[in-house]
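Here's a quick tour of a structure for you to follow on screen. Keep the viewer open and click along as you read.

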Amino acid sequence: MRFLVVFLSLALSACTLGSDASPEASTTTTADEEIVLERVESEEETFRVVQLMDDIEHGWAVDWLPDGRLLITERPGRILLVDGGTATALDNVPEVWAQNQGGMLDIRVAPNYEENGWIYMSYSLKEGDTGGTVLARAQLDGTSLTNVEEVYRQTPFLSPDYHFGSRIAFLNDGTLAVSMGERGQRREQTVDIPTPTASVGATVRLNMDGTVPEDNPFVESDEGLDAVYSYGHRNQQGMAIHPETGAIWQHEHGPHGGDELNLVEAGANYGWPDVSYGDTYSDQTPIGGTEAEGVTNPVEYWDPSPALSGMTFYTGDKFPNWQNHLFMGALARQKVMRLTLDGQNVTHQEELLSGELGRIRDVATGPDGYLYLLTDAPEGGLYRLEPVE
Ligand SMILES: [Ca+2]
């Protein structure tokens, strides 16, 4: 056992005190950081990889509070608050539909957190026979969430238990975007996608309180839902705002082949399933054509699919040669991808850490300037990339 792990029996104290603390509530103490890769020489930077935690159950997202504490979501339905060497599972976390790809997904601390204390999270929720992706926000009171509010609910709820998305990004204009997966539509035909009349396979743009910005593309028309910003997407698990242009960049899972990188623009249709660069898993029949009128093409696509998840533009001060480069995690291909962009073109790609750490679920620039990775496994890890000479 690399770390000394101590489970404090909060469940026992809950019984003793008669409180309504979650039975899963626990505090884990991690004793050591461990260098797992001493020296990785890549094209632009040389770095080492330090493992900070090794027992995160299907971690999905990581973000930081202004005081440096970390929030990490675990897909089965927990949010960890990591303070130095102690990780505590928060109480009063919304109930999630932890089934297949569903569960607790993204988490993002509001840019103006110091003023209002809001933390945003996306997750899958089931009610009756159907479910979908939900955006909620809450504040932190000690080691409990408080004032939990549902901000937006995907429309409509559907029966499949997969393809929920979902990532949250804060735009420079004070609004937020959240990606909502296509919920298995195409195989299922409940919603005739692509369409902006449902927030299925859509990017939703909202004010921070969940109201709809007046300049959203379908506010003035009957063609689509007021909250929908773009549509025709498929299971988007990465989104980031370009540090210089403020543009919304997003990637999405293709079917068998055809993962896409998209530059998301107001009112645009990204085509799924009329247009794709992939095929069916069963017999490799192409799905749709590769272009169609009114459909915005991806900036880039990959076949075979890396199975992308997590995305950040690196803006830290530790790796000067990576400034504003786009980093994306890959699940199936177990690597990190580094892309350089020139406007709307990908000018270079590099694969990092192929097969070294496992399935990469999230990639984030820490407030300390290091690049962080979260792996997807029953006992997944949190890793930090640090420059070495
Ligand atoms: Ca597309």
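## Strand 21 and its partners

Let's start in the middle of a sheet. Strand 21 and strand 22 (residues 335-342) run antiparallel to each other, with 5 bridges between them. Strands here are DSSP runs (E, at least two residues), helices are DSSP runs too (H or I, at least four), and both are numbered from the N terminus. Two strands count as paired if DSSP finds at least two bridges between them. One of the bridges joins Ala330 to Lys335 in strand 22. Strand 21 and strand 22 make a hairpin with 4 residues between them, and Gln334 in the turn has a positive phi of about 50°.

Strand 21 also pairs with strand 20 (residues 308-313), again in the antiparallel sense and over 5 bridges. Here Ser309 sits opposite Gly329 in strand 21, and Phe313 has Leu326 as its bridge partner.

Before going further, some housekeeping: this is a predicted model, where local features need pLDDT of at least 70 and side-chain atom pairs count only at pLDDT 80 or more, while totals for chains, interfaces and linings use all residues. Residue numbers start from 1 along each chain as its sequence is written.

## Buried or exposed?

How many of the 5 residues of strand 21 are buried? The count is 5 of the 5 for residues 326-330, so strand 21 is largely enclosed by the rest of the structure. Buried means that 20 or more other C-beta atoms lie within 10 Å of the residue's own; exposed means 12 or fewer, partly exposed is in between, and C-beta atoms are placed from the backbone.

In a regular strand, side chains alternate between the two faces of the sheet. Both faces of strand 21 are covered: Leu326, Met328 and Ala330 are buried on one side, and Phe327 and Gly329 are buried on the other.

## Two open sheets

Zooming out, strand 21 belongs to an open sheet of 4 strands in the order 20-21-22-23, with antiparallel pairing. Strand 20 and strand 23 (345-352) are the edges, each pairing on one side only. Neighbouring strands in this sheet are turned by 25° against each other on average, direction ignored. For the angles, axes are lines fitted to C-alpha atoms (for helices over the stretch in contact), and values run from 0 to 180 degrees between N-to-C directions.

Another open sheet of 4 strands has the order 16-17-18-19, and its pairing is antiparallel as well. Its edge strands are strand 16 (238-241) and strand 19 (300-302), each with pairing on one side only. The twist from one strand to the next averages 15°. Strand 18 (residues 259-264) and strand 19 are antiparallel and share 3 bridges; in one pair, Glu260 has Tyr301 of strand 19 as its partner.

## Backbone oddities in the loops

Most residues other than glycine have a negative phi, and most peptide bonds are trans. Now for some exceptions. The Thr155 to Pro156 peptide bond is cis, with omega near -10°, and Pro156 lies in the loop between strand 11 (144-153) and strand 12 (168-170). The Trp272 to Pro273 bond is also cis, with omega near 0°; look for Pro273 in the loop between strand 18 and strand 19.

Two asparagines have positive phi. Asn100 has a phi near 55° and lies in the loop between strand 7 (86-89) and strand 8 (104-109). Asn100 has 13 C-beta neighbours inside 10 Å, so it counts as partly exposed. Asn324 has a phi near 65° and is placed in the loop between strand 20 and strand 21. Asn324 is partly exposed too, because 13 other C-beta atoms lie within 10 Å.

## The whole chain

The chain has 2 helices and 26 strands. Buried residues make up 48% of its 389 residues. The C-alpha atoms fill a box of roughly 60 × 55 × 45 Å along the principal axes.

What about the radius of gyration? The chain has 20 Å, which agrees with the value near 21 Å for a compact globule with 389 residues. The radius is taken over C-alpha atoms, and the globule rule is 2.2 Å times the number of residues to the power 0.38. As for contacts (C-beta atoms, placed from the backbone, within 7 Å), 56% of those between residues at least 6 apart in sequence join residues at least 24 apart.

Methods:
Two residues are in contact if their C-beta atoms, placed from the backbone, lie within 7 Å.
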